[in-house]
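The exercises below are meant to be worked with the sequence and the coordinates side by side. Please try each task before reading its solution.

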Amino acid sequence: MREVDVVTEVLLDGVSKTYPGGNQAVDRLRLHVRDGELFVLLGPSGCGKSTVLRMIAGLEEISQGDLWLGGIHANDLAPKDRNIAMIFQNGALYPHLSVRGNMSFPLDMAKGDSASTRERVVEMARALGIDSMLDRRPATLSGGQRQRVAMGRAMVREPTVFLMDEPLSSLDAALRAELRMEIGSMVRALGATTIYVTHDQVEALTLADRIAIMDQGVLQDVGTPQQLYADPATMFVSAFLSSPQMNLLQATAQAIQGEGLLLHLGPQRLCVPWTDRRAPSLMGCHGKPVVVGIRPDALTLSTAQDPGPLLSGRLRTLEFHGHEWLAHAEAGIPSVDPDLAMAPSRPAEPPRRASTWWGMRQPPVEPQAPAGQGHHRRSDLVFRVGSGPGLNRGDTVHLAVDLDRILIFDQEGRRVDPVNR
């Protein structure tokens, strides 16, 4: 067996994973992780991202496709020959060994010099703030301390690829933020290629050089955090990278000569002028149902006399978030529940009526819930306002719409205009 001495780039070429019984966890995945990159695999639970990590590590066999590590075909390489370190969610420490023993274990197994091993362990423990705990057992440590030990055990080897499988998900919010900064700074200082799996969009956006978003084993989009947030390729990506949830509004498009593309949003309308850079792409939507995506911060309080594009509604509720208020207004616009805004299905699968309406001739109009029983993520316009807004429930509000920031998706959940990457 050929041993990998240096692993830099990671390439997955059409990689699939199918378990006995036909359950396909990953479907024809193509990814290129660059040398020294901190690359995040993001998606909901069960989307296949951890399976991808385990295939790279050699803990799962690849059903189809090719894995290349540093230019070497690695499908059949044993895990020990891949020069990869993996950090698991629970740390996976040896309970009978001290912190020192856990951290030195990979170096001891490689039969490294004892003095050098001791020096590297102490140096790494000091960097992680656990040097005073070197003689303690894992059972006496907190969750954050155990995760630091697991990080130290992986990093002390100085591997050329780190795989991190949701290493912070079991920690509290404050500790997650602290360790997130440490992970980012340390792996970049080491210059190792890092693939980090998470379902937390905040972790992904703050850590990553680039992000790949998966759903149901299918790759949805790849790009920098800024690209995916501002210029998402699918409705699923736009909704997943939005907190609070994006407004996804059902509309019918109509091209009007001399005006632009008119978007009929229930009883209300928005018009994208022909001077807009997206206009040539939008012309193909004439007469078709589309979904208009508007992030809450693309809506601002205005007046009925504002000459710009407006949407109006009746204020239903206000949520105080400390630095701002989150407001929900009934606008009479049929909408898509962001939790059900699924990405395009695999070609072999029929459309799933339970979770999507695109692909049908007309979107169904959601029945109105009795007063006081509405679900704001499905029926309301959600927008942000500064502290002390001076608004009251029942007020009529007018919201100026930043047309440059609206996103328009077709019946398959894909962006109508070209995505810039």
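**Exercise 1.** Is Ser 104 buried or exposed?

*Solution.* The model is a predicted one, and the step here is to compare the relative accessible area of the residue with the cut-off, under which buried means less than 20%. Ser 104 has a relative accessible area of 8%, and it is therefore buried. Its place in the chain is helix H2, which covers residues 99-109. When residues up to four places away in sequence are not counted, Ser 104 touches Thr 117 and Val 121.

The next step is to look at the helix around this residue. The buried residues of H2 are Val 99, Gly 101, Asn 102, Met 103, Ser 104, Pro 106 and Leu 107, and the buried residues of this helix pack against H3 and H4. Just after H2, Lys 111 takes a positive phi of about 55 degrees.

**Exercise 2.** Locate Ala 125 and describe its surroundings.

*Solution.* Ala 125 is found in helix H3, which spans residues 114-128. With a relative accessible area of 0%, Ala 125 is buried. Leaving aside neighbours within four places in sequence, the residues in contact with Ala 125 are Met 103, Ile 130, Asp 131 and Leu 134. Of these, Met 103 is also listed among the buried residues of H2. A last step compares sequence with space: Ala 125 and Gly 152 are 27 residues apart in sequence, while their C-alpha atoms are 6.7 Å apart.

**Exercise 3.** How are the axes of helix H4 and helix H5 arranged, and which residues meet between the two helices?

*Solution.* The axes of H4 (residues 143-155) and H5 (residues 173-190) come within 12 Å and cross at roughly 10 degrees. Angles under 35 degrees count as roughly parallel, and H4 and H5 are therefore roughly parallel to each other. On the H4 side the contact is made by Gly 144, Gln 147, Arg 148, Met 151 and Met 155, and these meet Leu 175, Glu 178, Leu 179, Glu 182, Ile 183, Met 186, Val 187 and Leu 190 in H5. Sorted by character, the residues of this contact divide into eight nonpolar, two polar and three charged.

**Exercise 4.** Why can helix H1 be called largely enclosed by the rest of the structure?

*Solution.* Helix H1 covers residues 49-57, and because seven of its nine residues are buried, it is largely enclosed by the rest of the structure. The buried residues are Lys 49, Thr 51, Val 52, Leu 53, Met 55, Ile 56 and Ala 57. Just after H1, Gly 58 takes a positive phi of about 90 degrees.

**Exercise 5.** How many disulfides does a search of the whole structure find?

*Solution.* The search finds zero disulfides. Two cysteines can still be set side by side by their accessibility: Cys 271, at 25%, counts as partly exposed, whereas Cys 285, at 6%, counts as buried.

**Exercise 6.** Summarise the chain as a whole and state where the confidence of the prediction is low.

*Solution.* The chain holds ten helices and 20 strands, and 49% of its 421 residues count as buried. Among the contacts with a separation of 6 or more, 70% are between residues 24 or more positions apart. The mean pLDDT of the chain is 85, and 87% of the residues reach 70 or more. Over residues 1-5 the pLDDT is below 50, and this stretch has 13 contacts in the model beyond near neighbours in sequence. Over residues 343-378 the pLDDT is also below 50, and there the model has 60 contacts beyond near neighbours in sequence.

Definitions and conventions: Residues numbered from 1 in each chain as written. Predicted model: local features only at pLDDT ≥ 70, side-chain atom pairs only at ≥ 80, totals over all residues. Heavy atoms only, no water. Axes fitted to C-alpha atoms, helices over the stretch in contact; angles between N-to-C directions. Helix = DSSP H or I, 4+ residues; strand = E, 2+ residues; numbered from the N terminus. Parallel < 35°, antiparallel > 145°, perpendicular 65-115°, else oblique. Contact = heavy atoms within 4.5 Å. Nonpolar A, V, L, I, M, F, W, Y, C, P; charged D, E, K, R; others polar. pLDDT = per-residue confidence, 0-100. Buried < 20%, exposed > 50% of the residue type's maximum accessible area, 1.4 Å probe, protein only. Disulfide = S-S within 2.5 Å.
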